[in-house]
Amino acid sequence: MSSTKRYWKDLGELHQQPEAIKGRENEFPQDLAIDQVLGDASFNGASTGRRDFLKFLGFGLGAATLAACETPVIKSIPYVNKPEDITPGVANWYASTFYDGEDFASILVKTREGRPIHIKGNPRFGLNRNPALPKGSINARINSSVLSLYDNERLHGPMKKGAEGMAASTWAEADKSIAAGLDAAAGKRMVVLTGTLASPSSAAALEQLKAKYPTLELVQYDTISYSGVTNANLKSFGKRVFPSYDLTKADVVVSVDADFLSSWGNTTESTWQYASRRQPGKGMNRHFQFEARMSLSGANADVRVPLKVSELPKAVMALHAHISGSGSGADAAMMKATESAAKALMASKGRSVVVAGSNNEGVQVLVNSINSILGNYGSTIDIDRPSTLHQGNDAEVARLVEGMNSGAVGALLIAGVNPAYSLPNADQFKAGLAKVPLTVSFSGYADETASLCGWICPDNHYLESWNDFMPKAGHYTLGQPVISPLFDTRQWQESLLRWSGSSVAYYDLIRSTWQQGMAQYGGLAEMFTNTWNQAVHDGVYEPAGIPAGVNTAVFAADVSAATAMATASTTGAGEFELALYTTEAIGSGRHANNPWLQEMPDPLTKITWDNYVCMAPADIERMGLNMYLGEQAPASLVTVKAGEREITLPVVPTPGQRTGTVAIALGYGRGANGEKVGRAACTTDHIGDFVPVGKNAYPMTSWVNGAVGYEALNVTVTATGDTYPVAITQTHLTDMDRHSVVKETNLATFLTGDKKAYNHAHELGVHEDVNGDGVINALDKKPVAEFDLWEEHPVEGVGHRWGLSIDLNGCIGCGACITACNSENNISVVGKDEVRRSREMHWLRLDRYYSSATTKESAKEDGLGKIDMYLKMEVPEESPTVVFMPVMCQHCNHAPCETVCPVAATTHSNEGLNQMTYNRCIGTRYCANNCPYKVRRFNWFNYVSEKFGEVNPAWDDLGRMVLNPDVTVRSRGVIEKCSMCVQSIQAGKLAAKKAGTPVQDGAIETACSSACGTGAIVFGDLNDKKSKVLGLATSDRSYHMLEEIGVKPNVNYLVKVRNTEEAAAHHA
Amino acid sequence: MHSEAAIREPLILGHKTYHDITSDIVSPIENKAPRGWYILFTIAALIAAYGTGCILYLISKGIGVWGLNKTVDWAWDITNFVWWVGIGHAGTLISAVLLLFRQKWRMAINRSAEAMTIFAVIMAATFPGIHMGRIWMAYWVFPLPNQFGSLWVNFNSPLLWDVFAISTYFSVSLVFWYIGLIPDFATIRDRVTKPGMKKMYSLLSFGWTGNAKAWTRFEEVSLVLAGIATPLVFSVHSVVSMDFATSIIPGWHTTIFPPYFVSGAVFSGFAMVQTLLLIMRKVMKLESYITIKHIEYMNIVIIVTGSIVGVAYITELFISWYSGVEYESYAFINRATGPYWWAYWSMMTCNVISPQLFWVRSWRRHLGFTFFMSIIVNIGMWFERFVIIVTSLHRDYLPSSWNMFHPTWVDVGVFLGTIGIFFTLYLLFARFFPVLALNEVKSILKTSGESYKKQAADHSHH
């Protein structure tokens, strides 16, 4: 019997509904994707045969295997436990102190992920702090010093002199051997030769070694000597000190050859003090400068009198005669030259200062006498709380050299100085060095001196070291390490402690020194840790309760003896007189291995990568030497001979140089005998050979009255007939009387308050009755700012509009902004040959203009034709005035560069920035051509690699650690330019956003504005009604460079005002 | 058939028949090339190879191998670009504008002039390419859809207009030239016997049959293309001039530039046509077709355009004084008296003074003198662009940035190289392509041929 039972799944099936039947046939109710693919009719004809299958399989396997081989392995090791205070991507700033025997500054070091990458002045504490801004003043050498940390040519460990020169050794061996050497030398004279120490704990470490070896003595040697000054103070006041100055109190500054804005004294202090009194107004100081070479100070002076080197002491005598009222014996011409300065000084007794750059004790005694008569001690000059930064004693150095040669010295330990390079009698020093049984250098490099020593026990870089300083009585600063030592180096104080047998670490010694010191100021021992932590945090400790200087010092030197001594330096009979100086970039030569500094153009001559003979254009013309220098126009070589000493260098026309004088910069020619003094100390010449940068001019110095003299009065200059290419960034000298580029006026005109008299807006004639006189004529004009060809970018009054204001009065031309910009924005160093071709990459440059005797008005008066007028305008006057003008991208709101880029690689941001998108740039350079300010820079080569790496430590693996990770490193073939530090703007905006507040004025700084200790560069938001930058931009002195072309920059300049007595301004 | 006034000089000399014309033009292609051709070709090819090497070196090392600097960011590169574009203009003017104006004398010269245009434009287009810092990104100048978001080219930039202008110009010129070549290729195809040659010219002639319908279409297409090409004669160099005219650099920012550049272009183009044709008519024995009259006509064009250029120079000077703009006035004084005075006065001598010598009839009909002048004019026009570009840039607004430009061997090598490539291409053209529009020339034989004119004159006397 067949079963009639029916099995069903659902009611639809039971009732035999058509849908259900259909559904039953189709097991999968929805079409599978594969059916669609397989159902494609076009596949019907296709066949994948066995062979094809194997081909595909083989290819697939092969491709996968190859891809696997090429996978790069990137080692990225994250923190297992994240350090509390390090967040990747967020910078940490540490307070520290820079002191190299030359420059002193309290600094802040920016570190990223543990790497120091940028240095700026400490805006809260320190002698170099300008409290009015507040900002820490530094110079280019200081902010560039971060790069030298990563110089791979620093010694990687101790070195021992063997039969075949220096060989690597170990600390254990060094300690053992040196300790034995010291023991052997016990009883004989043992000398530690250093620069000025100014460090209480270093002195304490020395004391520890001295306890073991009582014959040990400290000789301090300043590479650039101030012995003349300190000796004069010993004679005048019974104290062998260098006074500290307060230029904020000086209404009149008279400097005789003291370049206090660049090299003389504590410049990080004097620059901001000076600049604070350069604000035009009633309180503006008046600055007189007497000098042979146009120095940075001279370039800033209101009255600059070029004098021969031999006339400078006479000028001091004449000033003394004027001030003291005893005119006997003073030179009549000098009496006249110094008359106005003396008059100004007499009118500002107690509110003035006279400084002299001479190292002649007699001259300095006379200066002390002048200041004493003027009553400046106690106000502008402090002798009771002197600067401790210049303690070097040339007489002791001379005695040391004698002792070394006579065999009296048993051991010589050298720290921080390079006498074999910088002493006038370096040969004697070297000869003596060979006779000393134990010679140890603490130099970080196998430099001129270290390479001659028995041992090199390399010191840490200062950014790897703990240290303390007392730059002035009652003012203490701490140097704190911001990175562990990169190499197997050891701080030299640490070495002293080891050899003294002490087991105390130098850090602990500093702490205990401070603890004792603070007790002296009444600090409580139990509070010490707090105070110490605060001091480490601030970098500076200024105990309360230290009485200000009472200045009881009474001048008590023999003026007539001093006059006689000074007179010895006035007997110039030669054809030429030579002055030796140090440049803003290189200083005494300690930093000659720093490529940022080598490539920083000299503020006045605009020459990079060389030293040279500065000569007056009139002398150059007379001698028939090359006047115009450029890419294909090399300088003439001359030999400068002073007695037995001679040097051959290119000669450069320097307007303002006194005729009959020449000047040569010290600090060059490092590593001339192949010593490894740092990667950038040598450069490639125009044919690609390695040559030292410049020549060493220290052999031209001499011993005068027991101190090093930096002049020679009987000098001959002879042309060799050869030429030498120089790398110069600005070949043109004058501003061609272009009023819309540089505007300047004098104080009297400024004080009239009539803006039109000194800052006249450019106007265009219009066809409407503007002046309301009923007729439309040429008198109807409107300021150019009211015209606009284009639609405005919607940046005014909307959101932020970033801008810079640059005060031509505040800018002293030091160039710290240039190197700060280099460091912040990863700007390539391109080397001498590329700079010679005018291809330096600086985003920020410092334009220098000399005044010309010919102006448009004078040409009209003289009836000169236009062609003659322009030709004459190209020539600076014999004693010109100087304008420094920092120029970076002006961030035009109608940017000519933006319209011409075919691929829109440069665009305007809604915050007023002119942005450069490197990735989009194809390198047509049209933007650079169309930039009226010529601020755009092109990557002509792959500057990151090839020959440029050889002069630039930043381009090896170690050097790359200095790069700012927030800024792209640009490749070949793209344009770059100032971004107004957009990375800092972005960071500042984010910080404000996190804090939930608007961006505070002053919270964001660009690299240049934060490096500018004089406050000449101010950054801010022009849409912020209360911002400082808006106040400046709308002030009477504000103008836009090239206003009439209507590009509407976001950068404005403030008219330069000189405190001169002339009735009419040079540029009315 | 047209009849032509007897006083007009004949455009085809001697007793030529249609067959003579064909064999005169085609035989150089059929026969072995003369020794001179091989010598010239070897020299040109060597220079071309050297130039190509320089270009490759430039691309591998970076633009820094040129002498440019932070102030002068363009120099020989864009000078050469404008110079080559300018040279191209004569070809288009001859083939298009003179066609529209029914100037029969153009028929003897238009083919080679157009070839010159094509090759000159290729050379010109090389420079904007290789002057880029990142030539491998050169395609970004085209408005291509891309994956960079909504990233587009900048239509405000004259450089972008250049891209459109040059590419349009090149394509239209190429098509125009090629269309004209088709019947002539067919003629060659029908004559040659070597199978390889036959195959090649068959392909090149696009199956031309020569029936009446084809000729009608040919005429129509020529006319239409002439209509399209004519505005290009004026637009291309106007656009090129806007690279400068729309900028703000004193010496560049000048509204006079478009007409000034166009006339300068025609001026230099005709000079280059003279240079090439004077050699070619001698070497290829085309004296019957490229007559003294042709040379004279072209010299007249040179006087006219040269005078326009001269007036433009003087107008610029006048305006620089009259405007009272300090920078503008200085820019021109600097051109004439500054460090590059020699470039300015070379330009003035070559372009303004020398063409005026053609007012003397015997001089403008003198072959040697014409050849010499054609070289002078091209040197002058190169200097004109150099003066505009380099002397304006080297001293612009801020004296702090004033600088000099010094060329390097690569600058020189690349320029020479383009001349080498140009002549290589031209020599290949002369060897394998009909250098005269032979079918067009035939069309004027009976009206402008010397023997026919004589016959006609004899008839009319009877």
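**Exercise 1. A strand and its neighbours**

In E18(A), which residue is the bridge partner of Val440(A)? Find it, then place strand E17 (438–441) of chain A between its two neighbours.

*Worked solution.* A word before we start: this is a predicted model.

- Step 1. Look across from Val440(A) into E18(A), and you meet its bridge partner, Trp455(A).
- Step 2. That bridge belongs to a parallel pairing of E17(A) with strand E18 (residues 455–456) of chain A, which has 2 bridges.
- Step 3. Now turn to strand E16 (residues 409–415) of chain A, which also pairs with E17(A) in the parallel sense, over 4 bridges. Here Ile414(A) has Ser441(A) in E17(A) as its bridge partner.
- Step 4. Check the side chains of E17(A): Leu438(A) and Val440(A) point one way, Thr439(A) and Ser441(A) point the other way, and all are buried.

**Exercise 2. The whole sheet**

Work out the strand order of the open sheet of 7 strands in chain A, and name its edge strands.

*Worked solution.*

- Step 1. Reading across the sheet, the order is E7-E6-E18-E17-E16-E8-E9 in chain A, and the pairing is mixed.
- Step 2. The edges are strand E7 (165–168) and strand E9 (216–220) of chain A, each of which pairs on one side only.
- Step 3. Zoom in on the E7(A) edge. Strand E6 (residues 159–162) of chain A pairs with E7(A) in the antiparallel sense, over 4 bridges.
- Step 4. A hairpin of 2 residues joins E6(A) to E7(A). Gly162(A) has Gly165(A) in E7(A) as its bridge partner, while Met159(A) stands opposite Ala168(A).

**Exercise 3. A helix with two faces**

Which residues of helix H17 (residues 426–435) of chain A are buried, and which exposed residues does the face turned away from them carry?

*Worked solution.*

- Step 1. The buried residues are Ala426(A), Phe429(A), Gly432(A) and Leu433(A).
- Step 2. Looking down the axis of H17(A), you find these buried residues within an arc of 120°, so they line one face of the helix.
- Step 3. On the face turned away from the buried side, the exposed residues are Asp427(A) and Ala434(A).
- Step 4. Among the elements that cover the buried residues of H17(A) are helix H15 (394–406), helix H16 (419–422) and strand E17 (438–441) of chain A. You have already met E17(A) as a neighbour of E16(A) in the sheet.

**Exercise 4. A smaller open sheet**

Trace the open sheet of 4 strands in chain A, and explain what is left at its edges.

*Worked solution.*

- Step 1. The strand order is E44-E37-E46-E45 in chain A, with mixed pairing.
- Step 2. Strand E44 (1017–1021) and strand E45 (1038–1039) of chain A each have a single partner strand, so one side of each lacks a neighbour in the sheet.
- Step 3. Strand E37 (residues 802–807) of chain A runs parallel to strand E46 (residues 1051–1054) of chain A, and 4 bridges join them. One of the pairs is Ser805(A) with its bridge partner Asn1052(A) in E46(A).

**Exercise 5. Domains, and one residue**

Describe how domain 1 of chain A meets domain 3 of chain A, then classify Ser858(A) as buried, partly exposed or exposed.

*Worked solution.*

- Step 1. Chain A is divided into domain 1 (245–382), domain 2 (569–728) and domain 3 (744–1058).
- Step 2. Between domain 1 and domain 3 of chain A, 15 residues of domain 1 are in contact with 14 residues of domain 3. Helix H9 (267–276), helix H10 (296–300) and strand E13 (303–306) of chain A each supply at least two residues of the domain 1 side. That side has 8 nonpolar, 4 polar and 3 charged residues.
- Step 3. The centres of these two domains of chain A, taken over C-alpha atoms, are 34 Å apart.
- Step 4. Ser858(A) lies in helix H28 (residues 856–862) of chain A. Ser858(A) has 15 C-beta neighbours inside 10 Å, so it counts as partly exposed.

**Exercise 6. Where two chains meet**

How many residues of chain A are in contact with chain B?

*Worked solution.*

- Step 1. The contact involves 47 residues of chain A and 42 residues of chain B.
- Step 2. Helix H29 (866–873), helix H30 (896–900), helix H31 (926–929) and strand E42 (937–938) of chain A each give at least two residues to the chain A side.
- Step 3. By class, that side of chain A has 21 nonpolar, 15 polar and 11 charged residues.
- Step 4. Finish with the confidence scores: the model has ipTM 0.92 and pTM 0.89, and chain B has a mean pLDDT of 88.

Terms used: Residues numbered from 1 in each chain as written. Chains lettered and ligands numbered in written order. Predicted model: local features only at pLDDT ≥ 70, side-chain atom pairs only at ≥ 80, totals over all residues. Contact = placed C-beta atoms within 7 Å. Nonpolar A, V, L, I, M, F, W, Y, C, P; charged D, E, K, R; others polar. Domains from an automatic or database assignment. Pairing = 2+ DSSP bridges. Buried ≥ 20, exposed ≤ 12 C-beta atoms within 10 Å, placed from the backbone. Arc of directions from axis to C-beta. pLDDT = per-residue confidence, 0-100.
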